[in-house]
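Trainee: I would like to work through this model with you. Shall we take the sheet, then the helices, then the empty space?

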Amino acid sequence: MKPLATFKDHAMRENAFREGHTLCPGCMEAVTFNSIGRATDNGKKSVFVFGTSCGEVSTLMYPNVVAWGRGAHEPAAIDKSVGVIHNVFESAPTVAEAVRDTASVLEDLGAWKSTSPNVVALSGDGGALAIGLRSLLHTIYRRARVAIFVNINEVFANTGFQYSPTALPFADSSSWPGGSAADPIDHIGLAVVAGAGYVAQASAAFAPLFAEVVDEALACEETAVVFVPTPCISGWKFEEGMTADLAKLASQTGLFPCFRKHKGKVGELKHVVVDKAKRPRVEEFLALQHRFDHLVKKVDGKAQAVAGREADLQ
């Protein structure tokens, strides 16, 4: 695959994510899908496998518009062809693996004469790291050559904003008011120790970096897993227009740092300084979201702990 030369090159590609979706205005998933949709215009057929999630029901739900495709092309233009498969919550990695296996068999038989396709699995964190953790880890373990993207919004947003194991401590949700004191699941660590060929956590709010990460994930010869921190307007209860700001703060505070690691190589941190004293305060990130009103408040414009919650905030 031709490497990504510049961010302009990425932006000029034809997008597989189209008009007609019903995602919330300003939703980070739409920004993420735009970048993935352009990156997959790389001379290959693309197959997107969706586990049930906000991204699926808002782009594929019958009878609404199917918001995937690359417009009008000749049937022979296999490099512009887009396939979409919807499956149950937990099975996106497994179905993507089956697509890859099928393509490999067709290639071996000489029935597939085009370049090997992009196979992309798309899930939410509830589907990938709660209901479907087994599927994710098994696909990684089998070294399937697929790119898995997991949107992390810390709730089951598609079914009513229930608690997810990726949630920050004390995050309010519909199923756990006030949240849990437990640390979130170590999703990056799980993917690394399971043996993924490429593991990254990157936000589409840092557009050039995210374009690089998507390109690297598609080029990986084994399983690539990309976690995408995804502020949720409804679930996190923040003001419209703040999505990108929150996504950037998530990395800059160190809570969800941008990170990438090729197997066998040292990982790389991006958009977060190592010196904690030089990072934005975590309180500033939490205070922008009403799901933390019981933990943090603003006094004279400065975020601080609610009385009696100082230890929890620490």
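What follows is a set of questions and answers on this predicted model.

Trainee: What is the strand order of the open sheet of 8 strands?
Mentor: The sheet is open, and its pairing is mixed. From one strand to the next, the twist averages 15°. The order reads β2-β1-β3-β4-β8-β7-β9-β10.

Trainee: Which strands stand at the edges?
Mentor: Look for strands with a single partner. Such a strand has one side without a neighbour in the sheet, because nothing pairs with it there. The two at the edges are β2 (82–87) and β10 (268–270).

Trainee: In β3, which residue is the bridge partner of Val 49?
Mentor: Strand β1 covers residues 46–51 and pairs with β3. The pairing is parallel, over 5 bridges. The bridge partner of Val 49 in β3 is Ala 121.

Trainee: In β8, which residue is the bridge partner of Val 150?
Mentor: Start on the β3 side, where β3 and β4 pair in the parallel sense over 5 bridges. There, Val 150 in β4 is the bridge partner of Ser 123. β4 also pairs with β8 in the parallel sense, over 6 bridges. In β8, the partner of Val 150 is Phe 227.

Trainee: How many residues of β4 are buried?
Mentor: Take the two directions in turn. Ala 147, Phe 149 and Asn 151 point one way, and all are buried. Ile 148, Val 150 and Ile 152 point the other way and are buried too. In a regular strand, side chains alternate between the two faces of the sheet. The buried count for β4 is 6 of 6.

Trainee: At about what angle does α7 run to β7?
Mentor: α7 lies across four strands: β4 (147–152), β7 (198–201), β8 (224–229) and β9 (258–262). Its angle to β7 is about 170°.

Trainee: How many residues in the contact of α6 with α7 are nonpolar, polar and charged?
Mentor: The axes of α6 (residues 133–141) and α7 (residues 187–194) come within 9 Å and cross at roughly 35°. From α6 come Leu 133, Leu 137, Ile 140 and Tyr 141; from α7 come Leu 190, Ala 191 and Ala 194. The split is 7 nonpolar, no polar and no charged.

Trainee: Which residue with positive phi follows α10?
Mentor: α10 spans residues 243–252, and its buried residues are Thr 243, Leu 246, Ala 247, Leu 249, Ala 250 and Ser 251. Their cover includes α2 (28–39), α9 (233–236), β9, β10 and α11 (282–286). After the helix, phi is near 95° at Gly 254.

Trainee: What is the volume of the largest cavity?
Mentor: A probe the size of a water molecule, rolled over the atoms, shows where empty space is left. The search of the whole structure finds 1 cavity of 30 Å³ or more. Its volume is about 140 Å³.

Trainee: Which element supplies the largest share of the lining of the largest cavity?
Mentor: The lining has 17 residues, with Ser 53, Cys 54, Gly 124, Val 155 and Ala 157 nearest the centre of the cavity. By type, the lining divides into 5 nonpolar, 10 polar and 2 charged. β3 (118–124), α5 (125–131) and β5 (155–156) each give at least two lining residues. The largest share, 3 residues, comes from α5.

Technical notes:
Residues numbered from 1 in each chain as written. Predicted model: local features only at pLDDT ≥ 70, side-chain atom pairs only at ≥ 80, totals over all residues. Heavy atoms only, no water. Axes fitted to C-alpha atoms, helices over the stretch in contact; angles between N-to-C directions. Contact = heavy atoms within 4.5 Å. Nonpolar A, V, L, I, M, F, W, Y, C, P; charged D, E, K, R; others polar. 1 Å grid on protein atoms, 1.4 Å probe; cavity = no way out; pocket = protein on both sides within 12 Å on 5 of 7 lines; lining within 4 Å. Points joined across faces, edges and corners; volume = space filled by probe spheres on them. Pairing = 2+ DSSP bridges. Buried < 20%, exposed > 50% of the residue type's maximum accessible area, 1.4 Å probe, protein only.
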